[in-house]
Amino acid sequence: MSQDKKRILSAIQASGQLTLGNYLGAIKNWVALQDEYECFFAVADLHSITVRQDPANLRKNTMDIFKIFLASGIDTDNNVLFIQSHVSAHAELAWILNCYTYMGELSRMTQFKDKSERHATNINAGLFTYPALMAADILLYQADLVPVGQDQKQHLEITRDLACRFNGIYGDVFKVPEPYIPKVGARIMSLQNPESKMSKSDPNPNGFIGILDKPDIIRSKVKKAVTDSDGIVRFSEDKPGVSNLLSIYSACSGMSIADVEKKFAGEGYGVFKAEVAERIVECLSPLQERYDELSKNKDYVEKIYRESAEKAAYVANKTLRKVYKKVGFIPGR
Ligand code: TRP
């Protein structure tokens, strides 16, 4: 791996199936970054258990996400694609960072507030200290840049605060990471409630398109997507449903929104929706084919995640050893 490339780390939680929103808003961009940067991408299964998970589902979701990453074209010769729980340094550094994180700062996290409302019977300590684990994910790799969506900015801020606090006490241990805002990043909204983000935890499956949804399902979900009554294919704030479909068409086809508007000038929503569905199918089909092949090739997938965990652990343990030494632990291994 080259020394002069900047380093990127990002991760996706292994809860629920991934959506078209995750693909167009995150994964597709990550694939585009992998040649210019040295990338570490993780499936964050440790984070997932802050909300109760069925073990079989967690296993399936973790593997699915891993295979989706591979299928979307992450080059694992030059980048590291790994499963978070395979690298024990994440849990170890998270513990240490917990001891440098204040209750007050954790209480201010909007994701904690949201999730504790949604899971009122299981407000556990892990959910509260989630940002310390995320900070560990990032700081272990001395990442320069972290691509995150709007909803994770606050967690990146606390990561930076923790890095500075730790460096302030012990000298330069951690690189202080910057957020990476992609030049083009589609923000895909729910098909049923276009005011809110398309989400894998949407209880209404018609609200989101799964990356692994089959063409017929995609067509039927797009057909049911909420629009409006004025019947004009135009991007506008007061037309969130149609605007979202335009964004999806544009992101899948590479055409600008203005060109898509022109293409459908004078057409009704029926025709437009049918074409949106076809663009999504075209966008996801090659990925789904590779995913199916990987599913038949378990040994290959296992080889990749085992080798990647080793590569990740090599980098992570270097940072962890330094931290252990700095805080005053006696070297024992
Ligand atoms: N918390 C992130 C999310 O829910 C996932 C995540 C875990 C992450 N560790 C990370 C993102 C490190 C960026 C960097 O989307």
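**Ligand site, domain contact and a long-range ion pair**

An oxygen atom of the ligand lies 3.4 Å from an N or O atom in the side chain of glutamine 13, a polar contact being a pair of N or O atoms within 3.5 Å, where within protein one must be able to donate a hydrogen and the other to accept it, and residues adjacent in sequence count only if both atoms are side-chain atoms. This is a predicted model, in which local features need pLDDT of at least 70 and side-chain atom pairs count only at pLDDT 80 or more, while totals for chains, interfaces and linings use all residues. Residues are numbered from 1 along each chain as its sequence is written, and side-chain values use heavy atoms, with hydrogens and water left out.

Two further side chains approach nitrogen atoms of the ligand: an N or O atom of aspartate 137 comes to 2.6 Å from a ligand nitrogen, and an N or O atom in the side chain of glutamine 152 is 3.1 Å from a ligand nitrogen. In total, 13 residues surround the ligand, the closest being Gln13, Tyr130, Met134, Asp137 and Gln152; a residue is counted if one of its heavy atoms lies within 4 Å of the molecule.

The chain as a whole is divided into domain 1 (7-181 + 298-327) and domain 2 (205-293), with bounds that come from an automatic or database domain assignment. Their centres, taken over C-alpha atoms, are separated by 31 Å, and 14 residues of domain 1 are in contact with 15 residues of domain 2, contact meaning heavy atoms within 4.5 Å.

Between them the domains bury about 1,300 Å², 73% of it on carbon and sulfur atoms, where buried area is the accessible area (1.4 Å probe) that two parts lose on being put together, summed over both. On the side of domain 1 that touches domain 2, helix H1 (20-33) and helix H3 (55-71) each supply at least two residues, helices being DSSP runs of H or I with at least four residues and strands being runs of E with at least two, numbered from the N terminus.

Zero salt bridges are counted between domain 1 and domain 2, a salt bridge being a side-chain nitrogen of Lys or Arg within 4 Å of a carboxyl oxygen of Asp or Glu. Elsewhere, lysine 197 forms a salt bridge with aspartate 151, their closest N and O atoms being 3.6 Å apart.
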